[in-house]
Amino acid sequence: MQEGVNENEIILKEFFEENNSAFDKMKEFGELMMRYNSAIREVRTKFEVLNDELSLKTSRNPIESIQSRVKKPMSIAKKLHKLGKEVTIDNIANELNDVAGIRVICSFIDDIYRVADMLAKQDDIKVVTVKDYIKKPKPNGYRSYHMIVEIPVFFSDSKQIMRVEIQIRTVAMDFWASLEHQMKYKKESADRPEIVAELKSCAEVIAATDARMQGIRKRIESLNEGEEKSNSFLKENFADKAI
Ligand code: 0O2
């Protein structure tokens, strides 16, 4: 021990040094999460605007609901660990694509492609990857349209490019995925293969029902088109015209 330095002083100094660095890390982590939350808000607003506009044009809502979340610290640490990376602020920002996540629940399958395409065309959005698990479902039956996008977010003194994971699926696909997700946290059991097979069979039924519902909607729309045409014919030919 150094002469003239009391042991308690050394302990206190170490304590504050350690906690200062922990405090700095917590602050940096909090700032990064704030940036992801802001990116979520930006992307969410884009979907809300598209929904408002499309509802006016089509008299129905293509988007049923939007959910979002920032990944929990424990899940972030687990994912980095799985990738063999240290839990650092840089690794969170550079190695993970799904810290900010948005789930868009659509009414019909064609709505999914419509809103995804409209978002991808916006000039401040860069599409990093697309995984179409609707055209190519996962072996367990999982269906959903996934996009990783980058979006610029403007803060007080900088512009940050933030990555957001977007999952777009129908109400029925979402219902299925929520139930199937619960299997992830269940331990092995004799019932498991049967449940997995039953879930897969439900996924096929859901996919067929989604396709039929879309077919029915299109037929109803074509009925409306006929009605609108005859209404405009009547208006054109028989209603009083302003001079
Ligand atoms: P959690 O617990 O929901 O967050 P990546 O994120 O790119 O490193 P991956 O698995 O290649 O990893 O990406 P992918 O396939 O696009 O899946 C991303 C997310 O989609 C998953 O996140 C799940 O939320 C969801 N997902 C993918 N496959 C399935 C599935 O078979 N069933 C269900 N219910 N959800 C699925 P996480 O981090 O794996 O899980």
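A polar contact here is a pair of N or O atoms within 3.5 Å. With that cut-off in hand, the ligand in this predicted model picks up a few such contacts from side chains. Lys71 just makes the list, with a polar side-chain atom 3.4 Å from an oxygen atom of the ligand. His181 comes in at 3.3 Å, again between a side-chain N or O atom and a ligand oxygen. For Lys131, the corresponding distance from a side-chain N or O atom to an oxygen of the ligand is 2.8 Å. As for cover, the ligand on its own has 730 Å² of accessible area, and the protein covers 72% of that.

Zooming out a bit, the shell around the ligand is made up of 16 residues, and Lys131, Tyr133, Asn140, His146 and Glu180 are the closest. Sorted by class, the shell has eight charged residues, along with four polar and four nonpolar ones. Two elements, strand E5 (159-170) and helix H5 (171-181), each give two or more residues to this shell. Of these, H5 gives the most, with three residues.

Now for the space itself. The ligand takes up the largest pocket, whose volume is about 1,500 Å³. This pocket is lined by 37 residues, and those closest to its centre are Lys71, Lys79, Asp98, Gln167 and Lys184. Lys71 thus turns up both close to the pocket centre and in a polar contact with the ligand. Quite a few elements supply two or more residues to the lining: strands E1 (63-70), E2 (100-106), E3 (126-132), E4 (145-154) and E5, plus helices H2 (73-82) and H5. Here H2 gives the most, with five residues. In terms of chemistry, the pocket lining splits into 15 charged, eleven polar and eleven nonpolar residues.

Besides the pocket, there is a closed void to mention. The structure holds one cavity of 30 Å³ or more, and the largest cavity has a volume of about 50 Å³. Its lining consists of Gly141, Tyr142, Arg143, Met173, Trp176, Ala203 and Ile206. H5 shows up once more, as H5 and helix H6 (192-238) are the elements that give two or more residues to the cavity lining. By class, that lining has five nonpolar residues, one polar and one charged. Helix H5, then, contributes to the ligand shell, to the pocket lining and to the cavity lining.

Terms used: Residues numbered from 1 in each chain as written. Predicted model: local features only at pLDDT ≥ 70, side-chain atom pairs only at ≥ 80, totals over all residues. Heavy atoms only, no water. Near = heavy atom within 4 Å. Polar contact = N/O pair within 3.5 Å; in protein donor to acceptor, adjacent residues only side chain to side chain. Areas by Shrake-Rupley, 256 points an atom, 1.4 Å probe, with all protein chains shown as cover. 1 Å grid on protein atoms, 1.4 Å probe; cavity = no way out; pocket = protein on both sides within 12 Å on 5 of 7 lines; lining within 4 Å. Sits in = over half its atoms within 2 Å of the grid points. Helix = DSSP H or I, 4+ residues; strand = E, 2+ residues; numbered from the N terminus. Nonpolar A, V, L, I, M, F, W, Y, C, P; charged D, E, K, R; others polar. Points joined across faces, edges and corners; volume = space filled by probe spheres on them.
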